[in-house]
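The following exercises concern a single protein chain. Each task is followed by a solution that proceeds step by step.

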Amino acid sequence: MTPPALPLVDEVGSAAAPASMQAWVIRPERLGEPVDAMRLETIGVPEPGPGEVLVRVMAAGVNYNLVWAAMGKPVSIFRYTGDDFHIGGSDASGVVAAVGPGVQRWQPGDEVVIHCNQSCGECPECNGFDPMACSEQKIWGYETNWGSFAEFTRVQAQQLVPKPKHLSWEEAASYALVYFTAYRMLVDQANLQAGDNVLVWGAGGGLGSMALQLCRLYGANAVAVVSSEDKVDLCKRLGAIAVIDRREFDLVDRDAGEPNLAEMKRFGKAIRSATGGRDPDIVFEHVGAATFPTSVFVCKTFGRVVICGATSGFSLNFDVRYLWMRQKSIIGSHFANAYQATRANQLIIERKIMPVLMRTFPFAECPIPHQMMRENAHLGKMVVLVGAETTGLGVRP
Ligand SMILES: NC(=O)c1ccc[n+]([C@@H]2O[C@H](COP(=O)([O-])OP(=O)(O)OC[C@H]3O[C@@H](n4cnc5c(N)ncnc54)[C@H](OP(=O)(O)O)[C@@H]3O)[C@@H](O)[C@H]2O)c1
């Protein structure tokens, strides 16, 4: 299943779009495991409308949202788009192939990274508050069609940020969704400060590996939580002051299915032994049901639990007394706006934060990393090469 040869843009700078392209597509009738739901199809290349850009995708990052989309859980993504096909993928690096009417800031040949927030651009929220509050706000490649697992993708011009020149296409495709999300969570929503102690769940994963680096950059102390030996070294290299193996704790009572208070206390003790006796000022949450009761419990009095996801389940069962008696806050957070994405991207350009790309796959194997992610059998970020013929291309002097 090799895609048809298209003019390579890596050294040329731009390429005209053909009429059709190869794309990994999900259809309503085959929702299920990613390896079954995703199929390679030939599909028409979309035209950029006003304020939109067509990008030749060079590499595309793997994210958990395509696992949700493939499985049709917790909702079918066809409910959002109304289409009978879905091209997922919310991370990409690429080259601008064409711009729609009214686009001023970008032109064909520009090398870009794409952030995944779309909004209407016209409402007061978009123009004076926060595009994340726009009633039309959507995550590109999840709640919209024409995501990055295709040779071309159609995005809003405001979604583009410059590709850091020192990164290869695959490195540049690996970080935007998780890193910009972690940036908004910690820097804007949870007000990360030097000296804060931060508990980072899933620290060897996509979000977690960027959260660790942000903590280090801001002078905060990150305590990483992982479930395998191979993630320990990675977390330490990314700046964790200590790494806790969650397999040593039964945080949920297996028989009762309830939070296990004795084990949560023991877990809290393990955190304090890493931080010199202090509870976490911030808990970085995205696991949900399996960890949230513990997150609320171990968080410092007046501390913040900032949450953007629920890999292990959306219905949370926690003892709210630990929240109100100790005046803790739960803060919801969702991706990032273009300003936050640009500020965060600048830290990558300045080499203060680095992508954590662990594995690259050819386009023909696109469903495999998604299945690995579904089974938690991966480490850090995975990327699929699309237009880039091989790894290591795209680095500019
Ligand atoms: N709202 C947003 O904008 C946004 C953006 C990005 C991601 N998300 C969501 O955030 C979640 C994580 O995304 P990601 O890209 O970081 O995924 P990831 O790379 O798969 O990392 C998730 C980590 O969670 C940990 N984990 C899984 N099950 C767990 C459990 N039962 N208990 C404790 N830890 C568990 C795993 O680490 P260990 O097994 O090593 O502990 C895993 O490495 C996903 O649900 C995703 O949809 C939301």
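Two residues are in contact if their C-beta atoms, placed from the backbone, lie within 7 Å. The coordinates examined here come from a predicted model.

**Exercise 1. Overall fold**

Determine what share of the contacts between residues at least 6 apart in sequence joins residues at least 24 apart, and state whether the radius of gyration agrees or disagrees with that of a compact globule.

Solution. Step one: among contacts in the protein chain between residues at least 6 apart in sequence, 71% join residues at least 24 apart. Step two: for 397 residues, a compact globule would have a radius of gyration near 21 Å, and the protein chain, at 21 Å, agrees with this. Step three: the C-alpha trace spans about 60 × 45 × 40 Å along its principal axes. Step four: 50% of the 397 residues count as buried. The secondary structure of the chain comprises 13 helices and 17 strands.

**Exercise 2. The packing of α6 and α7**

Describe how the axes of helix α6 and helix α7 cross, and classify the residues of their contact as nonpolar, polar or charged.

Solution. Two packed helices are described by the angle between their axes and the distance between the axes. Step one: the axes of α6 (residues 176-189) and α7 (residues 206-218) come within 8 Å of each other and cross at roughly 50°. This angle makes α6 oblique to α7. Step two: the crossing of α6 past α7 is right-handed. Step three: on the α6 side, the contact involves Val-178, Tyr-179, Thr-181, Ala-182, Tyr-183, Leu-186 and Val-187; on the α7 side, Gly-206, Leu-207, Met-210, Ala-211 and Leu-214 take part. Step four: these residues comprise 10 nonpolar, two polar and no charged.

**Exercise 3. The environment of α6**

Is α6 largely enclosed by the rest of the structure or largely open?

Solution. Step one: a residue is buried if 20 or more other C-beta atoms lie within 10 Å of its own. Step two: 12 of the 14 residues of α6 are buried, so the helix is largely enclosed by the rest of the structure. The buried residues include Ala-176, Phe-180, Arg-184 and Gln-189. Step three: α6 is followed by Asn-191, whose phi is positive, near 55°.

**Exercise 4. Backbone exceptions in loops**

Identify which peptide bond, joining Lys-73 to its partner, is cis or trans, and establish whether Trp-146 and Phe-302 are buried or exposed.

Solution. Most residues other than glycine have a negative phi, and most peptide bonds are trans. Step one: Lys-73 and Pro-74 are joined by a cis peptide bond, with omega about -5°. Pro-74 is found in the loop between α2 (64-71) and α3 (78-81). Step two: Trp-146, in the loop between β7 (138-139) and β8 (152-156), has a positive phi near 60°. With 23 other C-beta atoms within 10 Å, Trp-146 is buried. Step three: Phe-302 lies in the loop between α10 (292-298) and β14 (304-307), and its phi is also positive, near 70°. Phe-302 is exposed, with 10 other C-beta atoms within 10 Å.

**Exercise 5. The surroundings of Ile-241**

State which residues Ile-241 contacts, leaving aside its neighbours within four places in sequence.

Solution. Step one: Ile-241 lies in the loop between α8 (229-237) and β12 (242-245). Step two: beyond those neighbours, Ile-241 is in contact with Asn-221, Ala-222, Val-223 and Ala-274. Step three: Ile-241 has 19 C-beta neighbours inside 10 Å and therefore counts as partly exposed.

Key
Residues are numbered from 1 along each chain as its sequence is written. This is a predicted model: local features need pLDDT of at least 70, side-chain atom pairs count only at pLDDT 80 or more; totals for chains, interfaces and linings use all residues. Helices (H or I, at least four residues) and strands (E, at least two) are DSSP runs, numbered from the N terminus. The radius of gyration is taken over C-alpha atoms; the globule rule is 2.2 Å times the number of residues to the power 0.38. Axes are lines fitted to C-alpha atoms, for helices over the stretch in contact, and angles run from 0 to 180 degrees between N-to-C directions. Angles under 35 degrees count as roughly parallel, over 145 as roughly antiparallel, 65 to 115 as roughly perpendicular and the rest as oblique. A crossing is left-handed if the near helix is turned anticlockwise from the far one by less than a right angle, and right-handed if clockwise. Ala, Val, Leu, Ile, Met, Phe, Trp, Tyr, Cys and Pro count as nonpolar, Asp, Glu, Lys and Arg as charged, and the others, Gly among them, as polar.
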